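Here's a quick tour of the empty space in a protein model, plus one charged residue worth a look. Have the structure open as you read.

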Amino acid sequence: MSNILTPRLSGRYIKTETTRIGVDQGGLSKTSELIYETLKRDGIGRGLWNSSPLNIQSGSAQEKINWIFLVDTLNFSFWPDEGKVKFGVKDHEGNLQTGYWSLCAAVNRALRVGIPVTCPEFMASMTKEQLATILRSDTGGEIPLLEERWKAVTTAGKTLVSQFFGSFSVCVSRAEKDVHKLLDIIVDNFESYRDMCLYRGRTVSFLKRAQILVSDIWTCLDGKGLGEFHNIDQLTMFADYRVPQALVALNVLTYSDELKAMLKGRESIDPGSEVECEIRGMSIVACDMICEMVTELGRERGVEVEVSPPVVDYCIWLWARKNRDLIEELPFHRTRTIYY
């Protein structure tokens, strides 16, 4: 990836180029204060993984890593087209889950009935019909991009079997506790994780799913053993739909009137377009700035908190879930893609 800008450098480059999106210092300060107080009160640490029973809780480190790899390989594009029913799956307690959690519920449902869905050999040979059965909806709304998901999971499974002894844990071991090495291994070997495009003469990257994959392993394994990375703080936020939308609702990001009109009109935005790159890149910039401000608040007030861009991402995501009416004032950008 020597000629490709990292996600952080991509955001900084996009910031120098965009005229559509800006950062509001007032909104930035207020949001940093909000996140600082949240972290001081509640904390958001590695133990967060265990707070949801839908995340894998038992098994060996290798089994947990293979579960995470499968889920993150399929973790993209859950929103329905206009007029369509939203995809959803009931979990083991009968509760309807949507979005990422619907995927976890579907994978766990398959495992409960003996389908070895997280086994790379099974992934490699899975038919599209088998995947459709595994990802069947309990709402009547089909999961989007089934063909693309099937291609992603089967090609990933074949790569694990042929090059990594049938386990993503081999990739993790070869990274030697370095997130950049692991990201390079992921992007070099697994096509569906190559979240990058050309923006004004430079190849920029966002690596949303690749970074989440690294972060999930670190979180699930509590930063120990195969989950230990000496530079985990160098990950950025995970640029997708909801966090950019929430950053606008929090008045951190400001959009041009033209961009607002495009979003309010629910226009389709092409993956890799300038608009999409700018929304994602400026979200990375904003979360880095919030992280720096939260760190400074801790120093000034004598009560430091554990913060990183992924933690900022999660805090904003939680805020968005609790304030749906506010964030829906400006719809999220409608880009149908395998990258998020």
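## The enclosed cavity

A cavity here is a set of grid points where a 1.4 Å probe fits but cannot get out, and a residue lines it if one of its atoms lies within 4 Å of a point. Keep in mind that this is a predicted model.

With a cut-off of 30 Å³ or more, the structure holds one cavity. The space inside comes to about 50 Å³. Going along the chain, its lining starts with Tyr-241, Pro-244, Gln-245 and Val-248, carries on through Tyr-255, Leu-263 and Ile-279, and ends with Leu-330, Pro-331, Phe-332 and His-333. Helix H11 makes the largest contribution to that lining, with three residues. What about chemistry? Nine of the lining residues are nonpolar and two are polar, with no charged ones.

## The largest pocket

Now for the open spaces. The largest pocket has a volume of about 1400 Å³. Its lining takes in 50 residues, and the ones nearest the centre are Tyr-100, Ile-212, Asp-240, Tyr-314 and Trp-317.

Several elements supply at least two lining residues each: strand E3 (96-98) and helices H4 (99-112), H10 (208-220), H11 (242-249), H14 (309-322) and H15 (324-327). Which of them gives the most? That's H14, with seven residues. By class, the lining of this pocket splits into 24 nonpolar, 14 charged and twelve polar residues.

## The second largest pocket

Next comes the second largest pocket, at about 260 Å³. It is lined by 15 residues, with Thr-38, Cys-315, Leu-318, Trp-319 and Lys-322 closest to its centre. Two or more lining residues come from each of helix H2 (25-41) and H14.

H14 therefore turns up in both pockets, since an element is just a DSSP run and this one is listed for the largest pocket as well as the second largest. The lining of the second largest pocket has eight nonpolar, four polar and three charged residues.

## A buried arginine without a partner

Helix H10, one of the elements lining the largest pocket, also holds Arg-209. Is this residue buried or exposed? Arg-209 is buried, yet it has no salt bridge. The nearest side chain of opposite charge belongs to Asp-195, 7.1 Å away. A salt bridge needs a side-chain nitrogen within 4 Å of a carboxyl oxygen, so that pair doesn't qualify.

Who does Arg-209 touch, then? Leaving out residues up to four places away in sequence, its contacts are Asp-72, Thr-73, Asn-75, Phe-76, Ser-192, Tyr-193, Ile-338 and Tyr-339.

How values were computed. Residues are numbered from 1 along each chain as its sequence is written. This is a predicted model: local features need pLDDT of at least 70, side-chain atom pairs count only at pLDDT 80 or more; totals for chains, interfaces and linings use all residues. Side-chain values use heavy atoms; hydrogens and water are left out. On a 1 Å grid over the protein atoms alone, a cavity is a set of points where a 1.4 Å probe fits but cannot get out, and a pocket is an open set with protein on both sides within 12 Å along at least five of seven lines; lining residues have an atom within 4 Å of a point. Grid points are joined across faces, edges and corners, and a volume is the space filled by probe spheres set on the points. Helices (H or I, at least four residues) and strands (E, at least two) are DSSP runs, numbered from the N terminus. Ala, Val, Leu, Ile, Met, Phe, Trp, Tyr, Cys and Pro count as nonpolar, Asp, Glu, Lys and Arg as charged, and the others, Gly among them, as polar. Buried means under 20% relative accessible area, exposed over 50%, partly exposed in between (1.4 Å probe, protein chains only). Lys and Arg count as positive and Asp and Glu as negative; His and the chain ends are not counted. Contact means heavy atoms within 4.5 Å.
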